[in-house]
Amino acid sequence: MSFPLLRVENLSVSFTTYGRTVPVLHGVSLDVPARSQVALVGESGSGKTVTMKAIMGLLRQPPARITSGAIYYDGADLLTMPEKERLKLRGTAMSMVFQDPMSSLNPVFTIADQMATILKYADRRLGRTRSSRDRMQRVYDTLAQVRMRDPERVARAYPIELSGGMRQRVLIAMALLSETDLLIADEPGTALDVTTQAQILKLLKDLVEARGLALLMITHNLGVVRETCNSVYVMQKGVIVEKGETAAIFEAPAHDYTRSLIDAVPRLTGGRRFGTAGVPA
Amino acid sequence: MTQMSLAPPEARRLSNAYQNWYRFSRNPTAVIGAAIVVVCILAALLAPFITPYPEHVGAVVNFRARHQPPSLTFWFGTDNVGRDIFTRTIYGMRISLLLAFVVLGTAVPIGTILGLLAGYFGGWTEAIIMRITDIALALPPLVMALAVAAVLSPDLVNSLLAIAALWWTWHTRLIYAITKQIRTQEFIEAAETLGASKFHILFREILPNCVSAIAVKTSLDCGFVILVGASLSFLGLGIQPPTPDLGTMVAQGAGFLPDFWWESVLPGLAILFVALGFNLLGDGLRDLFDVQEVR
Amino acid sequence: MLELKNLCKAFPIRNAFGRKTGALQAVDNVSMTIAPGDIYGLAGESGSGKSTIARMIMGLETPDSGEILIDGRSIHDRSDGVAHGRRVQMVFQNPGSSLNPRRTVGQSVAVPLDAHGFPRSKRPARVATLLDMVQLPAAFAERYPHELSGGQKQRVAIARALAVEPKLLVLDEPTSALDVSVQAKVMDLLTDLGRQMGLTYLFISHDLSLMRNFAREVSVLYRGGIVESGTSDTVFGHPSHDYTRLLIASVPVISAEEAALRPVIPLIDGELPTPEQLIALRQAADRQA
């Protein structure tokens, strides 16, 4: 088997708060092969966000400390490479789609300003030059790729002028500005309405498939996992308890925790009776 | 919330008191400030027992010992009539702290209650209270105290009145802003649907959420009130001799500069010391509470 | 138990100078009847008016027109001397913000007892009983909200709502801030309590899968108006309105059986249509016909 695009190997992280050190990740390993869609699913406190932050290099150290493990991107260990090299990868080779479309955008700059700045820094890190007209063209193109109807008008808008769904599209466009190979999405669409979320998930899925990107989806929603990813890692209390094909795991979970998680999800088909058995009526 | 989910669950199970103490002890500003404040308050309370010449507080005259430089006998030297400056400085601190406690003891409750009312009820209540506050805020306390002293007589009680009459406005503004923000939160709405009285909502639901802000503001204010009080005394509008007051001592000693520098500089440093202590404590408390707000 | 008659509420839209420039019809002629002991679901997205309806039932907003009747009596009619808060209570969406962070659990649960004149000496015992009802240890009365997990906080909020034994409970997205395994336990608790105490629930949510399994009657709200209502099985099994169909089609599901249940929605430019687009399409088609 060839080496995957992203490999997290035996990653352990601990946090020190109030003078006490508590481990939060215990030897987490996961693979994201090129052109594959992988989900990391877990409830709050499972460590999925810490894992994501460690991959993106966003962990604040201290209080966090990576006690062991390695994170390979394209065969190179991100944790041991010089900071400068790592910065080159962040936002270019691997990009992030953030969860909260309101707080991830700066309210005082237009969409065009913010996207052009991202592109400028990405170009600078990679030693590329691009005229400002080319840059704007790239911004418009990217906005069109996320199916914005009127890219030039959206680009001139301030975040507050856009609906939640449009802001989430802008965040996806931002992640696509550079020629990314890996997209890391942190609960995209959870802050949105169901119908808007469905649109965003479909868009993300279409983009990833059309461009041959790898997707690492961090989420707590099993439905989102099934809609977007073909393989899944289930995380609980800092440990990967189960991994495999999404359909297979949802059909027949092997681990007790996965089973209880799947059983807890209410089904659209109905038939679930809430309430504990044996309660006097 | 996202921040919080990163904290390990074990840490959340530690007791509140331990967490607060841990953060406090890791905050040098707060610790130093608290130490200074405690030392000053203890010194003021125990003044008769720790000062070498308690009788020098009154109109004692000892011309043989006048203008003595600091020595082992007179730690801070003596003044122009031969009184021990160290003794008088400690007693002066007593007056300064008393001033601060009386002014803030009246201004803080008044300001807090008005702020709560204006912020919660809005409408006319808000308009009236906040316009009066704005007018009062436009007058500098020192100028107000000068005016009161000019109309009435220049003594401590009148100065206190003048300062207290203006000081509440700052607290009204602060509490008003916090109340406005808290009023829209769900737990206030929950209390309303549960049938809680207005009194309950104001003093049991909103007030506890203002306590940290009040504590920070009050301890910062202590330093400022002491400075204003000393300024008034320096201008001859505050405490009248022979009662020892730090401001008065600086003013009197200023006439003998630079030869007998200790007569004004050392009481001046004492003012600085107390004011600094309260300011450090206030800043430290703010850092401490800010961390808590994040949770 | 609860009856809404032609309820309307509009919010003024003001310009920068505070002058009224228009109105947003948040609730538009909404009528419904909830039978005693029923679990009634109100489904809708943001801006559908579901929260405004809840706030009007709770007396936090006044309707522009229409009536809200509890047991056949208008909520503004207080002639029998029974306080509004004893008839209906509410469980809020976010347990993190519906509990005062500076007050202990015991103090929070005692608020309604205090407000409705429950004897002071019996309060600690009552608080302990209430906590026991929601399966929390009595010692939790001494704790502050930040020491509790999300699910525990929501249990406290439920205990508080039940303190003065109302017969009707408005549940405003009670589990949307919780993990799915915690959600299941809170829903179990609500079901058990509802049976034991004979409660009537008005369950407001955007989570259709949850609503399908919890509610018996369902109304779907779109832009302030009810577009479809019926039993849970009818509305979810055979949705008749386009908006309901789109809502159901948008639910992320975890099994093939569920996926098969979702209506097929025609794509527009390779994308799922927005509710507005879908409704405009239907209107255009109706005009053609």
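Buried area is the accessible area, taken with a 1.4 Å probe, that two parts lose on being put together, summed over both. In this predicted model, the area buried between chain C and chain A is about 3,700 Å². Carbon and sulfur atoms give 56% of that buried area. Chain A combines 10 helices with 10 strands, chain C has 12 helices and 10 strands, and chain B has 13 helices and 0 strands.

**Contact between chain C and chain A**

- Chain C brings 46 residues to the contact, and chain A brings 37 residues.
- Three residues, C:Asn213, C:Ile254 and C:Glu271, supply 21% of the area that chain C buries against chain A, which is more than any other three residues supply.

**Chain A: overall form**

- The secondary structure of chain A consists of 10 helices and 10 strands. With a radius of gyration of 20 Å, close to the 19 Å that the globule rule gives for 281 residues, chain A is therefore as compact as a globular protein of that length.
- The C-alpha trace of chain A spans about 70 × 45 × 45 Å along its principal axes.
- Of the 281 residues in chain A, 53% are buried.
- For contacts in chain A between residues at least 6 apart in sequence, 67% join residues at least 24 apart.
- The exposed surface of chain A is about 12,400 Å², and carbon and sulfur atoms supply 50% of it.
- Chain A carries 35 positive and 28 negative charges, and the mean positions of these two sets are 3 Å apart.

**Chain A: the setting of A:Thr142**

- A:Thr142 belongs to helix H4 of chain A, which covers residues 132-145.
- The relative accessible area of A:Thr142 is 0%, and buried means under 20%, so this residue counts as buried.
- Not counting residues up to four places away in sequence, A:Thr142 touches A:Met115, A:Ala173, A:Leu176 and A:Leu177.

**Chain B: overall form**

- Chain B has 13 helices and 0 strands, and its pattern along the sequence reads α-α-α-α-α-α-α-α-α-α-α-α-α.
- Along the principal axes, the C-alpha trace of chain B spans about 75 × 50 × 30 Å.
- Buried residues account for 49% of the 295 residues of chain B.
- In chain B, 73% of the contacts with a separation of 6 or more are between residues 24 or more positions apart.
- The accessible surface of chain B is about 13,700 Å², and 71% of this surface belongs to carbon and sulfur atoms.
- The 18 positive and 19 negative charges of chain B have mean positions 3 Å apart.

**Chain B: the setting of B:Leu235**

- B:Leu235 is in the loop between helix H11 (198-234) and helix H12 (246-254) of chain B.
- With a relative accessible area of 47%, B:Leu235 is partly exposed, because this class lies between the 20% limit for buried and the 50% limit for exposed.
- B:Leu235 and B:Ala251 are separated by 16 residues in sequence, and their C-alpha atoms are 7.6 Å apart in space.

**Chain C: overall form**

- Chain C contains 12 helices and 10 strands. Its radius of gyration is 21 Å, close to the 19 Å that the globule rule gives for 289 residues, so chain C is as compact as a globular protein of that length.
- A box of roughly 70 × 50 × 40 Å, taken along the principal axes, is filled by the C-alpha atoms of chain C.
- Among the 289 residues of chain C, 55% count as buried.
- Of the contacts in chain C between residues at least 6 apart in sequence, 64% link residues at least 24 apart.
- Chain C exposes about 11,900 Å², with 49% of it supplied by carbon and sulfur atoms.
- There are 31 positive and 31 negative side chains in chain C, and the centres of the two sets are 8 Å apart.

**Chain C: the setting of C:Gly22**

- C:Gly22 is placed in strand S2 of chain C, residues 20-34.
- The relative accessibility of C:Gly22 is 24%, which is between the 20% and 50% limits, so C:Gly22 counts as partly exposed.
- C:Gly22 and C:Ala10 are 12 residues apart along the chain, with 9.7 Å between their C-alpha atoms.
- Neighbours within four places in sequence aside, C:Gly22 is in contact with C:Phe11, C:Pro12 and C:Ile13.

Note on methods. Residues are numbered from 1 along each chain as its sequence is written. Chains are lettered from A and ligands numbered from 1 in the order in which they are written. This is a predicted model: local features need pLDDT of at least 70, side-chain atom pairs count only at pLDDT 80 or more; totals for chains, interfaces and linings use all residues. Side-chain values use heavy atoms; hydrogens and water are left out. Helices (H or I, at least four residues) and strands (E, at least two) are DSSP runs, numbered from the N terminus. The radius of gyration is taken over C-alpha atoms; the globule rule is 2.2 Å times the number of residues to the power 0.38. Buried means under 20% relative accessible area, exposed over 50%, partly exposed in between (1.4 Å probe, protein chains only). Contact means heavy atoms within 4.5 Å. Accessible areas come from the Shrake-Rupley method with a 1.4 Å probe; for residues, only the protein chains shown count as cover. Lys and Arg count as positive and Asp and Glu as negative; His and the chain ends are not counted. The place of a charge is taken as NZ of Lys, CZ of Arg, CG of Asp or CD of Glu.
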